[in-house]
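Subject: Structure for your review

Dear colleague,

Please find below the structure that I agreed to pass on to you. My notes on it follow directly after.

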Amino acid sequence: MGSWNDFNDAQSNTNLIPKGTLAKVRLTIRPGGFDDPSQGWTGGYATRGSTGAVYLNGEFTVTEGQYARRKIFTLIGLYSPKGPDWANMGRSMIRGMLNSARGISDKDQSPQAQAARRINGLGDLDGIEFLARIDVGTDATGDDKNEIRSAVTPDHRDYAQHMGLAAPPGYHLPAQPAPQQPVQAQPASPVPGRPSWAQ
């Protein structure tokens, strides 16, 4: 039997990005058409599921590196009838995304940092680019799938490298000494015993 008759020894195509991989991603929200202005959910970005849960249907595209153009689908919770946990996880995820995209330490509580963690609406998140830690979860059929559950902020040692920055925000490269100019030889004093500056 040839390799094109028996496929028992073919590699299974799990095609997963390894758990813990850091990658720069761009979020595209797949609109669900659900609005609740009292919650600030406008523009049709939110989706309401059959259970009554409300979420953002996120498509995260890896923008560069080994896994460039790979897509990861993850829901960002906005509301669950079962309680606040899912919404709190969603809010935490969005805070991390804003910190990562805008170069803010999670510990920074300055007025500028607080302003950078505010959005005008869910549409502000559509197209946001940030550094994500890729995870592995399971889909509805129990198969493994990649997920994004957290964003990586400037506090992480590899943030600058992955975000294409020369150094983390707030970090200043050591000053380089100015190149030394060759010392000009002073012309010989025409008057013996008199320094050149006195000529």
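The notes below cover strand pairing, salt bridges, one residue in detail and aromatic pairs. Please bear in mind that this is a predicted model.

Strand pairing

Strand β6, residues 129–138, has pairing partners in β1 and in β7. Towards β1 (residues 22–29), the pairing is antiparallel and consists of 5 bridges. Within this pairing, Val25 is found opposite Phe130 of β6. Towards β7 (residues 144–151), the strands are again antiparallel, and here 7 bridges connect them. Asp135 has Glu147 in β7 as its bridge partner. The strands β6 and β7 make up a hairpin, with 5 residues lying between them. In the turn of this hairpin, Gly142 has a positive phi of about 90°.

Salt bridges

How many salt bridges does a search of the whole structure find? The search returns 9. Three of these pairs are described here.

The first to be described is formed by the side chains of Glu59 and Arg30, with an N to O distance of 3.9 Å. Glu59 belongs to strand β4 (residues 54–62), while Arg30 sits in the loop between β1 and β2 (34–36), so this salt bridge ties together parts that lie 29 residues apart in sequence. Arg30 is partly exposed, because its relative accessibility is 36%.

Next, Asp106 and Arg95 form a salt bridge in which the closest N and O atoms are 2.8 Å apart. Since Arg95 lies in helix α1 (85–102) and Asp106 in the loop between α1 and α2 (111–116), the pair ties together parts that are 11 residues apart in sequence. Asp106 is partly exposed, at a relative accessible area of 35%. Arg95 is likewise partly exposed, with a value of 33%.

The last of the three involves the side chains of Lys145 and Glu147, which meet at 3.8 Å, N to O. Lys145 is partly exposed, with a relative accessible area of 25%, whereas Glu147 is buried, at 14%. This salt bridge belongs to a network: Lys19, Asp135, Lys145, Glu147 and Arg149 are joined through salt bridges that share partners. Asp135 and Glu147 therefore appear in two descriptions, as bridge partners in the strand pairing and as members of this network.

Glu59 in detail

Is Glu59 buried or exposed? Glu59 counts as buried, because its relative accessibility of 16% falls under the 20% limit. Besides the salt bridge with Arg30, the side chain of Glu59 makes a polar contact of 3.3 Å with the side chain of Lys71. Leaving aside residues up to four places away in sequence, Glu59 touches Arg26, Leu27, Thr28, Arg30, Lys71, Ile72 and Phe73.

Aromatic pairs

The structure contains 3 aromatic pairs. One of them is formed by Trp4 and Phe7 and is edge-to-face. The ring centres of Trp4 and Phe7 are 5.9 Å apart, and the angle between the planes is 70°. Trp4 is exposed, with a relative accessible area of 72%. Phe7, by comparison, is partly exposed, at 49%.

With kind regards

Methods
Residues are numbered from 1 along each chain as its sequence is written. This is a predicted model: local features need pLDDT of at least 70, side-chain atom pairs count only at pLDDT 80 or more; totals for chains, interfaces and linings use all residues. Side-chain values use heavy atoms; hydrogens and water are left out. Two strands pair if DSSP finds at least two bridges between them. Helices (H or I, at least four residues) and strands (E, at least two) are DSSP runs, numbered from the N terminus. A salt bridge is a side-chain nitrogen of Lys or Arg within 4 Å of a carboxyl oxygen of Asp or Glu. Buried means under 20% relative accessible area, exposed over 50%, partly exposed in between (1.4 Å probe, protein chains only). Rings of Phe, Tyr and Trp (its six-membered ring) pair if their centres lie within 6.5 Å; planes under 30 degrees apart count as stacked, over 60 as edge-to-face and the rest as tilted. A polar contact is a pair of N or O atoms within 3.5 Å; within protein, one must be able to donate a hydrogen and the other to accept it, and residues adjacent in sequence count only if both atoms are side-chain atoms. Contact means heavy atoms within 4.5 Å.
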